[in-house]
Amino acid sequence: MPDTVTLHTYFRSSCSARLRIALHLKNIPFKPVYVNLLKGEQSSPAHLAINPSGTVPALVIERDSQDPITITQSLAALEYLDEAFPEGPALLPPVSDAEGRALVRTLAQIIGCDIQPVTNLRILKRVAPLGADRAGWSKELFEDGFRAYEAVVARSSGRFSVGDQITLADVCLIPAAWAAERVGVDIGLFPVTNSIVKNLEKEEAVRLGHWKTQEDTPEDLR
């Protein structure tokens, strides 16, 4: 184990939630540093020195007598955790299963590339002055993405997205489902995905990573 694992996070950031869940799944103790996106703390000089993109999360790994490792993209950080901490549950199928690994990555990237980037706070702030309804914009894009996710997991799912073990895909899916529900998406329209979400919400690591359980979650939202 490293000396210190620090996660720069925000309670409602779905990308941060991916890492919170993965860290709990792998039983890796970590220290959260809270970055309030609504107050603009992601744009502070101190945070930009850690994450030049001005976003969360940022995962910082410190080991004895080595320079810290800083990873500022959640999918890269998830794969790093899988490779650097093999003693915990694997988030990807074994290297020998190239097809399975590609499938898990495909699902994760439907969330991470097709849905999240166009529904995050930074984009919503830019479309609002153009007259777009932020909630309507997000709802439509979430539904497009979940429609694609449903088509793939209809062929691959067990209890979870690919069989009966939680993978990188599930760690990305569940925070996206929480975000989608906040803008009025009915996950029940996607029955296979909905079943996976319900199974994931029974997992302790998922409960610990939920946005409602974070120390920086305002009391009125818990």
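In the predicted model, residues 97–219 correspond to the UniProt annotation "domain: GST C-terminal", which comes from an unreviewed entry. Over this span the chain is 67% helix and 0% strand. The C-alpha atoms at the two ends of residues 97–219 are 45 Å apart. A further annotation from an unreviewed UniProt entry, "domain: GST N-terminal", covers residues 3–89. The span 3–89 is 33% helix and 21% strand, and its end C-alpha atoms lie 20 Å apart.

The largest nonpolar core contains 57 residues. Within this core, L59, L81 and F146 touch the most other members. Helix 7 gives the most to the core, with 11 residues. In soluble globular proteins, nonpolar side chains tend to be buried together. The surroundings of F146 were examined with neighbours within four places in sequence left aside. On that basis, F146 is in contact with I111, I115, L173, A176, A177, A180, I187, F190 and T193. One of these contacts, T193, is among the buried residues of helix 8, a helix that spans residues 191–200. The other buried residues of helix 8 are N194, I196, V197, N199 and L200. The cover over the buried residues of helix 8 includes helix 6, helix 7 and helix 9, the last of these running over residues 204–209.

The largest pocket has a volume of about 1100 Å³. Two or more residues of its lining come from each of helix 1 (14–25), helix 3 (74–84), helix 4 (98–119), helix 5 (121–127), helix 6 (134–156) and helix 7 (168–182). The lining of the largest pocket consists of 39 residues. Of these, Q116, T119, N120, L121 and R122 lie nearest the centre of the pocket. Divided by class, the pocket lining has 17 nonpolar, 15 polar and seven charged residues.

Two cavities of 30 Å³ or more are found in a search of the whole structure. The largest cavity has a volume of about 50 Å³. Its lining is made up of F11, R12, S13, S14, A17, R20, P175, W178, A179, R182 and W211. Helix 1 and helix 7 are the elements that give two or more residues to this lining. Helix 7 gives the most, with four residues. By class, six residues of the lining of the largest cavity are nonpolar, two are polar and three are charged.

One residue of this lining, S14, is found in helix 1. S14 counts as buried because its relative accessibility is 15%, below the 20% cut-off. With neighbours within four places in sequence left aside, S14 is in contact with Q116 and P175. P175 also lines the largest cavity, while Q116 is among the residues nearest the centre of the largest pocket.

The second largest cavity holds about 40 Å³ of space. I21, L25, I166, D170, V171, I174, L200, A205 and V206 form its lining. Helix 1, helix 7 and helix 9 each supply at least two of these residues. The largest share, three residues, comes from helix 7. The lining of the second largest cavity has eight nonpolar, no polar and one charged residues. L200, which lines this cavity, is also one of the buried residues of helix 8.

Two loop positions were also examined. K26 lies in the loop between helix 1 and strand 2, the strand at residues 31–34. At 4% relative accessibility, K26 falls under the 20% limit and therefore counts as buried. Residues up to four places away in sequence not being counted, K26 touches L81, D82, F85, G88, P89, A90 and L91. Among these contacts of K26 is L81, one of the three residues that touch the most other members of the largest nonpolar core. K26 and I166 are 140 residues apart in sequence, and their C-alpha atoms are 11 Å apart in space. I166 is part of the lining of the second largest cavity.

G184 is placed in the loop between helix 7 and helix 8. Its relative accessible area is 45%, so G184 is partly exposed. G184 and S195 are separated by 11 residues in sequence and by 18 Å in space, C-alpha to C-alpha.

Note on methods. Residues are numbered from 1 along each chain as its sequence is written. This is a predicted model: local features need pLDDT of at least 70, side-chain atom pairs count only at pLDDT 80 or more; totals for chains, interfaces and linings use all residues. Side-chain values use heavy atoms; hydrogens and water are left out. On a 1 Å grid over the protein atoms alone, a cavity is a set of points where a 1.4 Å probe fits but cannot get out, and a pocket is an open set with protein on both sides within 12 Å along at least five of seven lines; lining residues have an atom within 4 Å of a point. Grid points are joined across faces, edges and corners, and a volume is the space filled by probe spheres set on the points. Ala, Val, Leu, Ile, Met, Phe, Trp, Tyr, Cys and Pro count as nonpolar, Asp, Glu, Lys and Arg as charged, and the others, Gly among them, as polar. Buried means under 20% relative accessible area, exposed over 50%, partly exposed in between (1.4 Å probe, protein chains only). Contact means heavy atoms within 4.5 Å. A nonpolar core is a set of buried Ala, Val, Leu, Ile, Met, Phe, Trp, Tyr and Cys residues joined through side-chain atoms within 4.5 Å. UniProt positions are given in the numbering used here, feature names are shortened, and annotations may be inferred rather than shown by experiment.
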